[in-house]
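Reader: Hi! I am new to reading protein models, and I would like a close look at one part, namely how two helices pack against each other. Could you walk me through it and then link it to the rest of the chain?

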Amino acid sequence: MNNTLRVLLVEDDPGDVEYIQELLKGADAVSVDLQVTDHLTSALSLLGEDAVDLVLLDLGLPDSQGLDTFQRLHTQCPRSAIVVLTGYDDEETALKAIKMGAQDYLVKGRINGPLLTRSMRYAVERNRVEEELRQARDQLELRVQERTQELENTLQTLSRTLQGTIRAMSAVVECRDPYTAGHQRRVANLARTVARAMGIDGERVKAIYMAGLIHDLGKISVPCEILSKPGSLTKYEVVMLHSHPLVGYNILKKIEYSGPVAHVVLQHHERMNGSGYPDGISGNDILMEARIVGVADVVEAMASHRPYRPALGIRKALEEIKQKRGTFYDPDAVDACLELFRKNRFVFETTAAQK
């Protein structure tokens with residue numbers, strides 16, 4: 001990343017412009033080349049003429065209001081990193097903005113210079129990583145299209161390449177979050193075993209395993225300091241964390257798999273009673289594959305150490321899914337999982353991080 005960030009501030013209040021300029025002057029962690037405009041139309045024109053690293057966007061402008069402001073800018077400039085910087089102190093609006101593609105959501109009057117510059121750096125870096133992943137996805141999709149005309153042995157080679165790519169994606173997430181090293185692999189192994197115990201086989205089991213390996217891929221968009229924070233998260237940090245299934249889905253949705261891998265990633269935090277995220281769907285609207293990965297995810301997470309708590313152990317994890325069987329977790333998946341551990345048919349592998 002260049003030492004100087006090229007930033008476009010879209011803000012119509014002169015007082016707020018001065019306030020943001022003062023915040024940036026007081027934070028010497030990053031050098032900023034700041035352009036300012038007070039209308040959305042002029043911002044779109046400037047972005048069309050010259051590339052910038054980041055857009056700081058107010059939602060209330062003379063020619064556009066609310067989330068429509070973000071949507072219009074993001075639609076016309078989908079590759080731009082956008083941080084919403086607004087006076088709307090509303091959790092629902094923040095969550096919607098993140099789900100629509102904002103890299104961060106900051107409220108005026110509740111930030112300081114270091115927080116603003118840190119958010120800007122993370123936004124630019126996440127946007128760069130997402131762009132690289134988009135390019136890799138497009139190249140992989142092109143290779144899939146080319147290879148479909150070749151012989152079976154070539155298709156098998158491509159399958160191995162795809163699995164290697166998935167493992168690489170999994171490793172990217174885990175290297176950013178050492179506390180959960182091995183988590184995705186252990187979830188994938190348990191989910192595959194539960195699926196087979198339920199009588200599921202063939203391509204569906206492969207999809208469940210592949211989705212398990214990368215179910216937390218979207219955490220690549222979450223700052224490391226949130227992933228490893230030992231205390232409670234703020235509501236905006238929770239919003240950022242809860243966006244990871246959607247981010248993962250958006251990365252994976254255009255890759256051709258033999259099963260619904262992207263949708264399993266999207267839905268693995270949904271719950272049977274509709275209390276999950278990101279969409280709050282319930283019951284049979286949640287793919288069975290996602291329900292299985294969801295159960296495996298909860299069991300492994302509770303049994304393992306986390307920055308905010310020690311490992312609770314497998315007994316507590318199994319008590320959790322048993323108590324919330326049918327309300328949070330699919331009954332069939334819970335029953336199969338409980339039976340596996342009751343009869344010692346499954347044991348989590350132990351990694352150096354757990355010893």
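Author: Happy to help; what follows starts with one helix pair and then moves to other parts of the chain.

This is a predicted model, in which local features need pLDDT of at least 70 and side-chain atom pairs count only at pLDDT 80 or more, while totals for chains, interfaces and linings use all residues. Residues are numbered from 1 along each chain as its sequence is written, and side-chain values use heavy atoms, with hydrogens and water left out.

Let us begin with helix H14, residues 314–323. Helices here are DSSP runs of H or I with at least four residues, strands are runs of E with at least two, and both are numbered from the N terminus. Two packed helices are described by the angle between their axes and the distance between the axes. For H14 and helix H15 (residues 331–342), the angle is about 155° and the axes are 10 Å apart. Each axis is a line fitted to C-alpha atoms over the stretch in contact, and angles run from 0 to 180 degrees between N-to-C directions. H14 is therefore roughly antiparallel to H15. Angles over 145 degrees count as roughly antiparallel, under 35 as roughly parallel, 65 to 115 as roughly perpendicular, and the rest as oblique.

Which residues meet? From H14 come Ile314, Leu318, Ile321 and Lys322, and they meet Val334, Cys337, Leu338 and Phe341 of H15. The residues of this contact of H14 with H15 divide into 7 nonpolar, no polar and 1 charged. In this sorting, Ala, Val, Leu, Ile, Met, Phe, Trp, Tyr, Cys and Pro are nonpolar, Asp, Glu, Lys and Arg are charged, and the others, Gly among them, are polar. Contact means heavy atoms within 4.5 Å.

Glu320 also sits in H14. Glu320 is buried because its relative accessible area is 15%; buried means under 20%, exposed over 50%, and partly exposed in between, using a 1.4 Å probe and protein chains only. Not counting residues up to four places away in sequence, Glu320 touches Val298, Met302 and Tyr329.

Now for another pair: helix H3 (residues 67–76) and helix H4 (residues 91–100) pack at about 10°, with axes 11 Å apart. That angle makes H3 roughly parallel to H4. Leu67, Phe70, Gln71 and His74 of H3 make the contact with Thr93, Lys96, Ala97 and Met100 of H4. The residues of this contact of H3 with H4 divide into 4 nonpolar, 3 polar and 1 charged. The side chain of His74 reaches the backbone oxygen of Met100 at 3.4 Å. Leaving aside neighbours within four places in sequence, His74 is in contact with Ile82, Met100 and Gly101.

Two backbone details are worth finding too. Most residues other than glycine have a negative phi, and most peptide bonds are trans. Asn344, in the segment after H15, has a positive phi of about 55° although it is not a glycine. Asn344 counts as exposed, at 64% relative accessibility. A cis peptide bond joins Tyr277 and Pro278, with omega about 15°, and Pro278 lies in the loop between helix H12 (261–267) and helix H13 (288–303).

Finally, step back to the whole protein chain: it has 15 helices and 7 strands, and buried residues make up 50% of its 355 residues.

Note on methods. Polar contact = N/O pair within 3.5 Å; in protein donor to acceptor, adjacent residues only side chain to side chain.
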